[in-house]
Every structure is written in structure tokens, then in C-alpha cells.
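I wanted to look up how charged side chains pair in this model and how its sheet is laid out. My entries follow.

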Amino acid sequence: MSIHHHHFKLPPYQKRKNNVTERKRHLSLRMSAGQDYPTLPEGLQPMDDQVAGHAFFDTADSVGLLKCSEDASVLKPAGKLLCGLREIKFYEQIQTATTETDLLALKDTIPQYLGHMKLPVDGKLYEFIKLSDLTYGMLEPCIMDVKIGCRTWDPQASEEKRKAEESKYQACKRNLGFCIPGFQVYSIANGRRMRYGKDYGKKLTEVTVKDAFRKFLNADSGLCRQLLMQFLSDLWTIQKWARTQTSFRLYSSSVLLVYDARRLKPVLQYQSKSLSSSSSKLTSCNTSSGPTGTGTSSTTSSPLGGPSSTPGTPTSGEIEPLQHYFKIQRSHSAFNNYEEDMKAMRENYVFMRDNLVGSYETKVWASARMIDFAHAFPAEESTIDSNYLQGVESLVKIFEDFLKDCELENSPKGGVP
């Protein structure tokens with residue numbers, strides 16, 4: 001079971017360290033922690049970036065995610081027999097779907113499914129599910145696992161399991177319909193990788209959870225429009241699916257948020273320089289006849305916080321969504337109609353995302369994907385999965401609020417006409 005490496009060819013700025021260096025790094029990490037490196041098939045190593053779920057060394061026989069840098073994939077342990085079979089079936093249903101609307105819509109919201117296989121770990125065979133690595137090519141991968149749903153136990157759970165699940169992350173799950181089991185972030189402020197686990201997540205409340213997201217987004221010096229819009233373009237896709245699908249009930253499933261802090265840093269620096277320039281320049285840009293101004297220069301300031309190239313700019317008939325964005329950006333009074341403007345952005349998010357990331361060289365460097373389907377069950381009634389939808393709606397709302405905050409943070413002092 002393999003895939004062709006050329007499908008995942010990286011631009012020069014994203015070249016990975018060679019496999020030998022990477023394996024030595026993992027080995028040194030395990031040795032420094034006083035743990036033996038597990039015996040694995042050639043080309044595989046424990047995924048050091050795992051932020052949630054069972055990992056190597058959690059218990060004596062715990063098996064975690066494996067990383068294969070040869071073909072840009074990760075191997076997820078299938079876990080308990082029934083759970084593993086259920087998850088494999090779910091992925092295969094999506095992969096082979098041709099007419100089922102609820103399944104077809106999922107193809108762009110999950111990691112690519114690459115099959116399943118048995119592999120030896122320390123001499124014992126385990127079943128693994130092979131998926132595309134969402135962090136492949138990222139030099140400083142920031143990863144957050146957001147578990148969706150107020151109820152995280154499935155219909156077959158024992159009474160003991162139900163009580164255990166209900167006792168976890170109560171404040172967040174009760175009020176928001178999601179919780180955060182863990183995340184890691186490469187801090188731009190201090191240059192270190194920061195990791196936050198279950199103990200941190202269990203203390204979060206409806207209020208403090210926003211602080212957790214701000215930590216994850218490296219927002220010490222301000223929120224980044226590009227990063228928020230990349231996440232929102234994916235989250236709106238997931239939200240749209242959750243608002244309409246009636247085929248499944250998802251329990252203990254997650255949305256995985258990933259981005260490359262190495263790509264974020266120059267964007268934040270550019271954003272900071274733009275803010276320090278005179279407000280008259282911003283006024284000139286925002287009040288010009290078109291969203292990108294009337295200048296003749298081949299490169300302009302991107303409306304979403306970074307340089308972008310003008311070739312390939314949509315026609316005036318397609319630019320309308322950006323005009324909604326500019327209305328939010330340049331007028332404090334526009335916040336009174338924020339929901340109306342945000343709705344227009346939601347409906348045109350693909351265009352918004354493509355505009356902000358520009359050319360191939362500056363392609364998308366952040367994404368949100370649905371993962372973990374060991375507890376995906378067919379719906380007994382043809383109704384919306386309200387348990388899952390609540391969590392997704394709350395997650396989207398937080399990021400939309402961040403986008404609103406971002407406009408306030410990045411507005412020139414005193415406002416722009």
C-alpha cells in the first residue's frame with residue numbers, strides 16, 4: 001500500500017530534513033526522556049507532533065501515530081477491533097462514494113485515505129489506517145485537536161464509559177459543544193515549541209478557551225487575517241456539511257487545525273509594517289475605485305494582510321465578496337451589519353481564500369480537517385446531527401469573532417473614512 005511521492009513534491013522553502021536526521025532527532029527525544037525507541041519497520045518513526053489520543057509510552061503497550069516521510073503519510077493505530085473496523089468502513093465509504101451527497105461532500109474535509117495494513121511494532125502486529133500527513137512539508141507545524149460534540153460516547157458505550165466521558169471537559173462541552181484535548185504551537189514570541197495537553201484542556205471554560213485559541217494562533221502581537229481566512233474557508237465547508245447531512249451520527253470525532261508557524265512569521269511582520277505606515281496610505285487604498293486600488297504597480301498590498309500578485313485578478317463581476325470585506329475593514333459602523341457581511345464571505349469563501357494566498361508559491365499553509373471516525377454510526381432517523389453541529393457552530397463562531405477582532409486590531413487609530 002503506497003502512493004507516488006511526486007504527488008507531494010515540495011517547493012524549495014518547504015524541503016524537509018533528510019530521513020536520517022529526522023530519525024536521529026526522534027531517537028534523541030526518546031532517549032532524553034529515558035524511553036526506549038520502539039522497534040519499527042524501516043522508514044517509520046513515532047509521530048512526535050501527536051497532540052491527542054493514545055501515544056507511544058502512555059502505557060506499557062501503548063501504540064501511537066507513526067510517520068512515514070517517504071510518502072507523506074501517517075499511520076493511525078486502528079485501536080479496538082470494532083472501532084478500527086468502523087473507521088476503516090467509514091473512510092472506504094467516502095472513498096468509493098459516487099452519488100451519496102452526504103459522503104461526496106466529505107471528500108474535501110478529511111485527510112486522504114490510503115488504505116489499511118498490519119505492521120509489527122516491537123515484534124507485535126498492529127492494524128494501522130494510512131492517511132495523508134496534513135503537516136507534510138511544514139517546518140514548524142502547529143496542531144490543535146478540537147473534539148466535537150457535547151456527547152462523546154456512542155450508543156454502544158457501557159455505563160462506565162458514559163460516566164467517564166461525561167466527567168471530562170465539562171465546562172467547554174456543556175457550553176460550546178466541543179473541547180480541546182491538546183495542541184502544540186511553535187511560539188513566534190519565544191522561539192520554542194509549546195505543548196498543551198489534557199490537563200490544560202480540562203481546565204478551560206467558555207471564556208478561557210478563547211485564550212487557548214489565541215495561544216495556538218500566535219496572537220501575542222495580533223491576529224493574522226491570512227491565517228484566520230484559511231481556517232475559516234475549511235471550517236465553513238465543514239459547517240455547511242454539518243448543517244445539512246442526515247446520514248451519520250459522529251461521536252468523539254475531531255476537527256484538526258494545522259498551520260506552519262514558519263509561514264506565519266513573515267506575514268505577521270508584513271502586517272505589522274503595514275500598520276506602522278501612515279493612515280493616509282490606508283485611506284487612499286480603501287477609498288479607491290476598486291479593492292486593489294488604481295495604481296499601475298504589478299504588486300499591491302493584499303487586502304487580507306500580505307503581498308499578492310495582481311495577474312489573474314478576478315473581473316469586476318467576481319470582486320463583490322472583497323467589497324464586503326473592505327466594508328468591514330474600513331468602517332467601524334459596518335460592525336452593526338457584521339452578520340450580513342460575514343454571510344457574504346461564507347458564501348464566497350473559496351474566492352476569498354484563493355485571493356488571499358495568491359500564486360502557487362504562496363499557496364495555502366493552514367487547514368482544518370475532520371478526523372477520527374471510530375465512533376461514526378449510521379443515523380437511525382433522517383435528522384441533523386445536532387450534537388456534532390453545535391460544536392462546529394461554536395468553533396466557527398469563535399473564528400469569525402477573531403476575524404472581527406482582527407479588523408479592530410488592524411484598523412488605523414481613529415478609524416478610516
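I looked up E407 and found it buried (under 20% relative accessible area with a 1.4 Å probe, protein chains only; over 50% is exposed, in between partly exposed), at 1% relative accessible area. R225 is buried as well, at 6%. The two form a salt bridge, with the closest N and O atoms 3.2 Å apart; I count a side-chain nitrogen of Lys or Arg within 4 Å of a carboxyl oxygen of Asp or Glu. This pair links helix α8 (residues 225-244) to helix α14 (residues 386-409), 182 residues apart.

I note that the model is predicted, with local features needing pLDDT of at least 70 and side-chain atom pairs pLDDT 80 or more, while totals for chains, interfaces and linings use all residues. Residues are numbered from 1 along each chain as its sequence is written, and side-chain values use heavy atoms, without hydrogens and water.

I counted 14 salt bridges by this rule. One of them joins D71 and K130 at 2.7 Å, N to O. D71 lies in the loop between β2 and β3 (73-77), and K130 in strand β5 (residues 124-132). D71 is buried at 7% relative accessibility, and K130 is buried at 6%.

I then checked the sheet: five strands in the order β1-β2-β3-β5-β4, open and antiparallel. Strands are DSSP runs of E of at least two residues, helices runs of H or I of at least four, numbered from the N terminus; two strands pair if DSSP finds at least two bridges between them. β1 (45-46) and β4 (113-121) each have a single partner strand, so one side of each lacks a neighbour in the sheet. P46 has L66 in β2 as its bridge partner.
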